[in-house]
Amino acid sequence: MKRTPIDTEKSARGITRRGLFLGGLQVSFAALLVGRMRFMQVDQTEEYRSLAEENRIKFQLIPPARGMIHDRNGKLIAGNEQNYRIVLVREDAGDPAKVLERLRKIIWIDDEEVARILGEMKRRSSFVPVTVADRVAWEDVAEVAINAPVLPGITPEVGLSRIYPRASDFAHVVGYVGPVSDYDLDKLENPAPLLQIPRFQIGKSGVEAKLELALRGAAGTREVEVNAVGREMRELGREDGQPGDNIQLTVDADLQAYVQARMAGESAAAVVMDTQTGDILAIGSSPSFDPNKFVRGISGSDYKSLLDDPYRPLAAKPAQGTYPPGSTFKMVTALAALEEGVISIGETVKCYGHLEVHKRRFHCWKRAGHGKVDLVKSLRESCDVYYYDIAQRVGIEKISAMARRLGLGERHDLPLSAVAQGLVPDKAWKRQARGADWVIGDSLNAGIGQGFVLASPLQLAVMTARISTGQAISPRLVRAINGVEQPIVNAGPLGIGSDSLRVVRQGMYEVVNAKRGTGGRSKVVAEGLRMAGKTGTSQVRNITKAERARGVTSNEDLPWNRRDHALFVCYAPAETPRYAVSVVVEHGGGGSTAAAPIARDILLQTVYEGEPPLEAYPSSQRGTIRSRQREIEELLSRPPAERFVDGSDQA
């Protein structure tokens, strides 16, 4: 139909109105957009610039490979192994509790661990991964990966974890590592950022703790692009860190294993020292424990069994434990008296079985007495009355000074946990510590290594090395760091007269080689390898006057924890000393019966660099020695972690 002019005019007016309306909408939208852009670009420019700059690039720390620890011959003591673990990122999980419940159907996670994981997530940023499971088997990792669609936020990772292939042999020396705790962080004024990495491992005891900074290394960095809320988008760059230093100890791994095996079944400690260099060749503490359990997370029941064991497997007895040195201290008293001119080499003292001072009797171990005693005989037969007599004449100040010169009362600088200083008492110490004056009885007791005197097996080994050489040699545990040999410390001659040292060494030689020597049952008969030594028995209880009148109760008839400690120190070869050994058997009874046989076997194992021939032992003992050697062989054939874990499970 043909449009009239009026219809055309009406249509044009309608189009114009719609156009104006649509145009107005477009202009309004454009104005709103321009206003919003101005608000974002001008009014909020600083906020968005900050977001763009702070959130666009993020740096992450990459844990370095921890330095390895080897023995003196290069055998691995502490290393790293590849470790599969499962981590969870809270922002990706949605509901972490639900995700963990699903994960528990694949891998075992107990309720206590779930609570720990959720608690750690609350303390950390939502994008920080939290370790859910460590040391996961490859089969479990594969199953987790297959179920990834129903496990949001869960990611398998590969990292490094500490491992101790020698297990219990070096538990008290090397120590162990564990995750950084809040307690660890609180001890540090400015904790390194590396320590903030979840479950980052640091040294907790032993060499691992004392050389932590060297072993830790330096962290690497990883540069990633993230969005405004912190989610990682892509990796932009990576710089690997510096691995920790490799440490070589002076200890011989095979000798250390033998020492541990030889002390199995005892609560004991032993130290083997090279008298020329001061190198610690073995430093054993029995019973031991498996440090790998602490790295992986020891169970409550396992930890409780270690704590409750009366043999104290967690205690590092060689350097941390202190004991009355008993008669092993008599060389100190003798040298002090000789050097002060209080006694002469041939001078004698009459022993009637006791010495009475101020109406108090100080008894000799031999009730009938030793008769006329000179210095050599006093050491050979361990006469107490001889040392009561010379101790009151020389005085505690000179005795203490000699003890310190020989390495007692000194905290030796070794990278071990809680190295004890021991106690070399004097008059000033008693006034300060006990609020009382020194009395003559204190000197008599100190003269035979009882009373207030305390020494560690490490200190007794140092004392023996110094007496045997006349040199102020110091112990050394670290042989090299990254292949660089560490210095040997020798302060030079002790400044003790050669005649004094000669007569004391003669007495020690006769202890194990003369007919009446207290250590005669532990002699070495191999030519050129004769041993010199000194037995010691230290009381841990008071013997009453009534008990002494009716007869002192034998150790065998006492509860274990009330028996005397047994000690023995020795060196060999007697003519040209090369090795010094100290052994302490807690509540072992007599030094001659409990400690001396262990020390002799360890010394011969050291000299021969392996199992000694039976010909080195007296012929009457070879059958017994052969049986013992086979028992130790069988023990050492077991995996290290299965040899001796605690006092209730000894071979």
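**Exercise 1. Find the residue that caps the N-terminal end of helix 11, and name its partner atom.**

Solution. Work in this predicted model.
Step 1. Go to the N-terminal end of helix 11, which spans residues 253–262.
Step 2. Look at Asp252: one of its side-chain oxygens lies 3.0 Å from the backbone nitrogen of Asp254.
Step 3. Conclude that Asp252 is the cap.

**Exercise 2. Decide whether helix 11 is largely enclosed or not, and say what surrounds it.**

Solution.
Step 1. Apply the cut-off: a residue is buried when its relative accessible area is under 20%.
Step 2. List the residues that pass. They are Ala253, Leu255, Gln256, Ala257, Tyr258, Val259, Gln260, Ala261 and Arg262.
Step 3. Nine of the ten residues are buried, so helix 11 is largely enclosed by the rest of the structure.
Step 4. Identify the packing partners of these buried residues. Among the helices they meet are helix 7 (171–174), helix 24 (591–607) and helix 25 (622–636). Strand 11 (268–274) and strand 12 (280–286) also pack against them.
Step 5. Set this beside the whole protein, where buried residues make up 49% of the 651 residues.

**Exercise 3. Trace the open sheet that contains strands 11 and 12.**

Solution.
Step 1. Write the order of its five strands: 12-11-23-22-21. The pairing is antiparallel.
Step 2. Find the edges. Strand 12 and strand 21 (532–538) each pair on one side only.
Step 3. Add the twist, which averages 5 degrees from one strand to the next.
Step 4. Zoom in on one pair. Strand 22 (residues 565–572) and strand 23 (residues 579–585) run antiparallel and are joined by seven bridges.
Step 5. Fix the register with one residue: Cys570 stands opposite Val581 in strand 23.

**Exercise 4. Locate the cis peptide bonds before Pro287 and Pro573.**

Solution.
Step 1. Check omega between Ser286 and Pro287. The value is about -5 degrees, and the bond is cis.
Step 2. Place Pro287: it sits in the loop between strand 12 and helix 12 (292–296).
Step 3. Repeat for Ala572 and Pro573. Here omega is about -15 degrees, and the bond is cis.
Step 4. Place Pro573. Its loop connects strand 22 and strand 23, the antiparallel pair joined by seven bridges.

**Exercise 5. Arg312 and His358 have positive phi values. Classify each as buried, partly exposed or exposed.**

Solution.
Step 1. Read phi for Arg312: near 55 degrees, in a residue other than glycine.
Step 2. Locate Arg312 in the loop between helix 13 (300–308) and helix 14 (317–320).
Step 3. Its relative accessible area is 37%, so Arg312 is partly exposed.
Step 4. Read phi for His358, also not a glycine: about 50 degrees.
Step 5. Locate His358 in the loop between strand 14 (354–357) and strand 15 (360–363).
Step 6. Its relative accessible area is 72%, so His358 is exposed.

**Exercise 6. Name the members of the aromatic cluster that includes Tyr176, and count the aromatic pairs.**

Solution.
Step 1. Pair rings whose centres lie within 6.5 Å.
Step 2. Count the pairs: ten.
Step 3. Collect the cluster. Tyr176 is joined in it by Phe289, Phe294 and Tyr303.

**Exercise 7. Summarise the protein as a whole: its elements, contacts and surface.**

Solution.
Step 1. Count elements: 25 helices and 23 strands.
Step 2. Take contacts between residues at least 6 apart in sequence. Of these, 72% join residues at least 24 apart.
Step 3. Report the surface. The protein exposes about 31100 Å², and carbon and sulfur atoms supply 51% of that area.

Conventions. Residues numbered from 1 in each chain as written. Predicted model: local features only at pLDDT ≥ 70, side-chain atom pairs only at ≥ 80, totals over all residues. Heavy atoms only, no water. Buried < 20%, exposed > 50% of the residue type's maximum accessible area, 1.4 Å probe, protein only. Helix = DSSP H or I, 4+ residues; strand = E, 2+ residues; numbered from the N terminus. Contact = heavy atoms within 4.5 Å. Polar contact = N/O pair within 3.5 Å; in protein donor to acceptor, adjacent residues only side chain to side chain. Areas by Shrake-Rupley, 256 points an atom, 1.4 Å probe, with all protein chains shown as cover. Pairing = 2+ DSSP bridges. Axes fitted to C-alpha atoms, helices over the stretch in contact; angles between N-to-C directions. Phe/Tyr/Trp six-rings, centres within 6.5 Å; stacked < 30°, edge-to-face > 60°.
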